[in-house]
Amino acid sequence: MGKIKTSVIGSYPVDIDIFNHVKGYFNQNVISWDKYIESAVKDMLKSGIDIVSDGQTRDSFVNIFTRRLKGCRVRDRTEIIGKVDYDGPITIDDQKYVKNLVPKNRKLIGLITGPYTLTKSCVDLFYKNEKELAFDFATALNQEAKILQNHVDIIGIDEPFFSMGIPDYGKELIDTLTNGLTLPVRLHICGDISNVIAEILEMPVEILSHEFKASPKIFDSFKQYDVKKNICLGSVRSDLPDIESVDEIVKHIKKGIDIFGDKITQLAPDCGQRMLPRNVAFEKLKNLVKAGEIVYG
Amino acid sequence: MYSFTKEQKIFDISGIKIGGQPGVHPTVLIGGLFFKGEPNFISAEKQINNMLNLSKKLGVPSIPDFFIRKEEFIEKILNFIEKKYPKNLPFSIDIIEPDLKIKTLEALHKKNILSRTIYNSIHVGITHEEHDSLKIHTPSSAIIVAFNPKDKSPDGKIEVLQNGANLIDSGLIEITKKIGIKNILVDTAAMAPGDYSGAAIASIPVIKEELGLPTGCAIHNVVEKSKWLDDFESARKHVDASSNVNISLFGGDFAIFGPIHNSDIVFPMIAWQDILISEYVENYFGVLPDDSHPRRILS
C-alpha cells in the first residue's frame, strides 16, 4: 500500500496584494509573482500533500496557456485569431522555481490544460473547424509537455470538457499531447463522467482522476467496467467551503477501495481549489492527508 | 498612421477636447507638478503660465497634473488651484495612496471643483473605501490605468479594462462608469525598461480600436528609469521629451509628459508631430483637423 500518494489537482487560492503591485508600477519597480507561488506550495507541503503543484496562481487554467500561445488573444473569453502554435515555454520557469521549494521526499506535478478544454473555452474566429483547432492546441501543448517533463515528476492533464462528451478524436487528441512523454500522465476529468467512462478507460494515460466526492454516482457507473488504470480518487469537494471531517473522508476512501481496490494510487481534492478561501483549502488538504494515513498507513 | 473603425469618443473636459480619430484634435499634454519635496507654488505658477502660453501659441492643449504626496499638502495645493489657476480650466489630481485620495476627494467636493477635476487614477488597486468615496464625491473625469500585473501586453491591458483580469470583481471601465464618472481616459500603463515598456505604446491603437476611448500614457517614465542614459546626461531631457511623440504617432490622445518644466521642448515637438499626422490623415483618410488644431494655427 506504500504507493498511495496524496496529491492536488491544480489550482490553489492565494491572497494577492494587488496594491503592492500597483505601487511597484508607480515606482517603476518589477514586483515578482514568486511569493504567491511559494505561498501555495508551502501550504500544500505544510498540509502533508505528497505530490504538489505550482498552484496555478497566475491565472485561470485556460488563460495560463492561451495567454502564451500564438494565435490566441485573451479577452473576456480567449479569442482564436490565428493558427495556434507554441511560442516558447509557458509554465517551465514556475516549475523550476517550485522544484527548488519541494523537498526530495515530495513530488511535483506539472499541469497542462487539455486541448479539448482549451478549444471549448475559446471563441474561434479563425479555424471554423473545432477538430483542427483542438489538434493544433494538442501539438503546441505537446511541446510544452516535453520540456515540462524534465522538471516535474508527473504530468497532469486537465480536461473537464470531456465530461460533456468526448469527440470521436478524443483519444487521438490526448495521444498527440502525450506523444514522446516518458513520465506517468494523469488525466483529470471532473463533473459527471457516467456517460463517457468507456472512452475514458481507453485514454493513453496511466492515471485517471475524477470528482468522486461531488459526484458519488460515478462510483456505481465504474462498477460495470474492468478498470485497469490507476485511479486518483477525488475525496474532498472543491466547490463547497464545508470542511469534510477525517472520518467522512476515510469512509469515502473505503468506498473507493470497494470499487477500485489497489488501483487507487492517489488521493486528491475533487478539482482545483482556487475558488475556496485559503484556510478552507488548507484544512481540506490536511484532513485528506490524515484520512489517507488512517486508511493506508 | 491610424484611422480606427470603432467610433471614437470625444470628451469636452472644461473646454478641452480630447479623443477622436487621429488628426482631428491635437494631443493633450498633461504636465506634472510637485513630484518631490515641498510644493513650490511660485515656481508652479510660472510653469503653469508658461504651459498655458505655449498652448495658446501652438494650439496644443494642456492640463496641469498636481501630484499630492502628503496629507499636509492637500489643502495647500487645492487652495493654489482655486486661487492661481484659471477657473474655467481642467486640472488633474495625481495621488497613489488611497487614504490621501479619499481626503482629497472630500476637499475637492467642499471647494466645488470636482467638475473640473481629472481623477488620476483608478486602477486594480482601488479599495472599497476609495470606491465609496468616489460615489459620493464624483469627479467628472478620470484616468484609468490599464496596469495588469499578470499580463503587461496589450491583451493584458484590455483584459483589466474589460473584466478586471480576476484581480477585481469587474472591469475598470464598468467600475468607473458605475461610479458615475462621465469622461474616461485610458492610460496604457508604461512599465519599467525591460518589463514590456513598449507595450504602453503598442496598446494605444489596440485600446482605441476596441474601446474607442481617449488613450495615452506616461511613456516618459520609461526614459526616467533608463539607467544607460546616465552616460548621456545632456541628451536625457531631449530623449524624455521626444519619447512623447510615440503617443501621437500611434494614434494616442494625451501624453502625461512628466515634469512641467519640460514644456518648452515637449510642446513644439508635439505640435510638429500633430501637424505631420494631420497632413497624412487628411491625404489618406480625408480626416480634417479641428479649427483649434496646430495645423490650422501654425501652417
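## Strand pairing in chain B

Two strands are said to pair if DSSP finds at least two bridges between them. In this predicted model, strand β4 (residues 62-67) of chain B and β5(B) are joined by three bridges, and the two strands run parallel. One place to look for this pairing is Asp65(B), whose bridge partner in β5(B) is Ser92(B).

On its other pairing, β5(B) is matched with strand β6 (residues 117-122) of chain B, again in the parallel sense, and here four bridges link the two strands. Within β6(B), Asn120(B) is the bridge partner of Asp94(B).

## The path between the strands

How does the chain pass from one of these parallel strands to the next? From β5(B) it crosses through helix α3 (residues 98-110) of chain B to reach β6(B), and this β-α-β crossover is right-handed. A right-handed β-α-β unit is also made by β4(B), helix α2 (residues 71-84) of chain B and β5(B), so that β5(B), as the definition of a crossover asks for a first and a second strand, can be followed in both units.

## The side chains of β5(B)

Along strand β5 (residues 91-94) of chain B, the residues point in two directions: Phe91(B) and Ile93(B) point one way, while Ser92(B) and Asp94(B) point the other way, and all of them are buried. The two residues named above as bridge partners, Ser92(B) with Asp65(B) and Asp94(B) with Asn120(B), therefore belong to a strand whose residues are buried, which here means under 20% relative accessible area.

## A nonpolar patch on the surface of chain B

A nonpolar patch on the surface is formed by Met1(B), Leu249(B), Trp272(B), Leu276(B), Tyr280(B), Tyr284(B) and Phe285(B), which together have about 700 Å² of accessible area. Helix α11 (residues 263-285) of chain B gives the largest share of this patch, namely five residues.

Leu249(B), another member of the patch, is found in helix α10 (residues 245-249) of chain B. Leu249(B) counts as partly exposed because its relative accessibility is 33%, a value to be read against the limits of 20% for buried and 50% for exposed.

## Strands in chain A

In chain A, strand β3 (residues 70-73) and strand β4 (residues 79-85) pair in the antiparallel sense over three bridges, and they form a hairpin with five residues between them. Cys72(A) stands opposite Ile80(A) in β4(A).

The strand β4(A) also pairs with strand β6 (residues 123-124) of chain A, this time in the parallel sense and over two bridges. Ile80(A) has Asp124(A) as its bridge partner in β6(A).

Note on methods. Residues numbered from 1 in each chain as written. Chains lettered and ligands numbered in written order. Predicted model: local features only at pLDDT ≥ 70, side-chain atom pairs only at ≥ 80, totals over all residues. Heavy atoms only, no water. Buried < 20%, exposed > 50% of the residue type's maximum accessible area, 1.4 Å probe, protein only. Patch = residues over 30% accessible without salt bridge, like charges linked within 9 Å, V, L, I, M, F, W, Y side chains within 5 Å. Areas by Shrake-Rupley, 256 points an atom, 1.4 Å probe, with all protein chains shown as cover. Salt bridge = Lys/Arg side-chain N within 4 Å of Asp/Glu carboxyl O.
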